[in-house]
Amino acid sequence: MADQNESIPAQEQAAAQDPAAQKNAQLLALLHRLFGADAFTDVEEPYGLLTATTTREQIHGIIEGLQKDEEIQLHFLTTMCGMHWPEKKDQELGIVYHLHSLTQNIRLRLKIFFPIADPVAPTLTDLYSCANWMEREAFDFYGIIFPGHPNLMRILNVEDMDYHPMRKEYALEDGTREDKTDLFFGR
């Protein structure tokens with residue numbers, strides 16, 4: 001979370017002075033108590049938002065436990081989107097989940113990564129009805145498959161499209177275009 005070179009007392013003192021850091025420290029302690037410290041890796045706080053990485057095997061159980069927990073009440077799935085990192089061997093695809101407790105004003109970002117050769121992640125439609133369209137979008141743009149999804153089909157692109165356009169597998173520009181010269185664009 002904080003700089004790893006800092007001592008633990010310095011981190012605790014900083015958390016005591018910053019209310020957001022204090023909430024994040026409490027949330028992280030709760031996550032470790034409920035699911036174990038080894039369930040989470042790469043824990044950090046970019047822009048004050050607690051962010052942790054877990055595995056796709058654990059993500060459904062973790063999110064279900066957080067939704068049902070009466071202490072933090074993470075009842076709102078704000079965002080769920082796919083991502084593609086072609087340079088990460090065996091972790092090319094991933095999903096980011098943003099959870100929010102409206103009553104406690106707590107936000108949490110969870111991430112999972114998996115190989116592009118096995119683009120499968122558990123569905124959250126049994127927990128959050130809004131996950132339906134978010135998962136369809138991740139399928140449409142990244143090719144992530146959600147077993148158990150009630151209607152996993154493309155949501156924004158045409159059905160007969162045979163690729164997933166948000167994957168970084170395609171050139172950003174058409175190299176054969178002659179109207180895009182440096183002269184016109186100040187390059």
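User: Hi! Which residues of α4 are buried?
Analyst: Hi! The buried residues of α4 are Ala131, Asn132, Met134, Glu135, Arg136, Ala138, Phe139, Asp140, Phe141 and Tyr142. Buried means under 20% relative accessible area, exposed means over 50%, and partly exposed lies in between (1.4 Å probe, protein chains only). This is a predicted model, where local features need pLDDT of at least 70 and side-chain atom pairs count only at pLDDT 80 or more, while totals for chains, interfaces and linings use all residues. Residues are numbered from 1 along each chain as its sequence is written, and side-chain values use heavy atoms, with hydrogens and water left out.

User: Is α4 mostly covered or mostly open, then?
Analyst: Mostly covered: 10 of its 12 residues are buried. Those buried residues pack against β3 and β4. Helices (H or I, at least four residues) and strands (E, at least two) are DSSP runs, numbered from the N terminus.

User: How does the length of α4 work out?
Analyst: It agrees with expectation, because at 1.5 Å a residue the 12 residues should span 16 Å, and the end C-alpha atoms of α4 are 16 Å apart. The expected span is 1.5 Å times one less than the number of residues.

User: What comes right after α4?
Analyst: Gly143 follows α4, and its phi is positive, near 80°.

User: Back to Glu135. Which side chain of opposite charge is nearest to it?
Analyst: That is Arg136, 9.3 Å away, and Glu135 has no salt bridge although it is buried. A salt bridge needs a side-chain nitrogen of Lys or Arg within 4 Å of a carboxyl oxygen of Asp or Glu. For charge, Lys and Arg count as positive and Asp and Glu as negative, with His and the chain ends not counted.

User: So what does Glu135 meet in there?
Analyst: Its side chain makes a polar contact of 2.6 Å with the side chain of Thr123. A polar contact is a pair of N or O atoms within 3.5 Å; within protein, one must be able to donate a hydrogen and the other to accept it, and residues adjacent in sequence count only if both atoms are side-chain atoms. Setting aside neighbours within four places in sequence, Glu135 is in contact (heavy atoms within 4.5 Å) with residues including Met80, Pro122, Phe146 and His149.

User: Where is Asp69, and is it buried or exposed?
Analyst: Asp69 sits in the loop between α3 and β3. Asp69 is buried and has no salt bridge, with Arg33 as the nearest side chain of opposite charge, 5.2 Å away. The side chain of Asp69 reaches the backbone nitrogen of Glu71 at 2.9 Å. Not counting residues up to four places away in sequence, Asp69 touches Leu30 and Leu34.

User: Which residue does Arg33 pair with in a salt bridge?
Analyst: Arg33 pairs with Glu71, at 3.5 Å from N to O. Arg33 lies in helix α2 and Glu71 in the loop between α3 and β3, so this pair ties together parts that are 38 residues apart in sequence. Arg33 is exposed at 57% relative accessible area, whereas Glu71 is partly exposed at 49%.

User: How many salt bridges are there?
Analyst: The count comes to 6 salt bridges. One of them joins Asp118 and Arg56 at 2.6 Å, N to O. Asp118 is in the loop between β5 and α4 and Arg56 in helix α3, so the pair ties together parts that are 62 residues apart in sequence. Asp118 is partly exposed at 33%, while Arg56 is buried at 16%.

User: Any other pair, and how far apart are the atoms in Arg167 and Glu169?
Analyst: Arg167 forms a salt bridge with Glu169, with the closest N and O atoms 3.7 Å apart. Going back to Arg56, shared partners join Arg56, Glu57 and Asp118 into one salt-bridge network.

User: New topic: which residues have the most contacts inside the largest nonpolar core?
Analyst: Tyr97 and Leu110 do, in a core of 36 residues. Elements that give it two or more residues are α2, β2, α3, β3, β4, β5 and α4. Such a core is a set of buried Ala, Val, Leu, Ile, Met, Phe, Trp, Tyr and Cys residues joined through side-chain atoms within 4.5 Å.

User: What does Leu110 touch?
Analyst: Leaving aside neighbours within four places in sequence, the contacts of Leu110 include Phe40, Ala52, Ile59, Leu66 and Tyr97.

User: Last one: what's the overall pattern along the sequence?
Analyst: The protein follows α-α-β-β-α-β-β-β-α-α, with 5 helices and 5 strands. Of its 187 residues, 39% count as buried.
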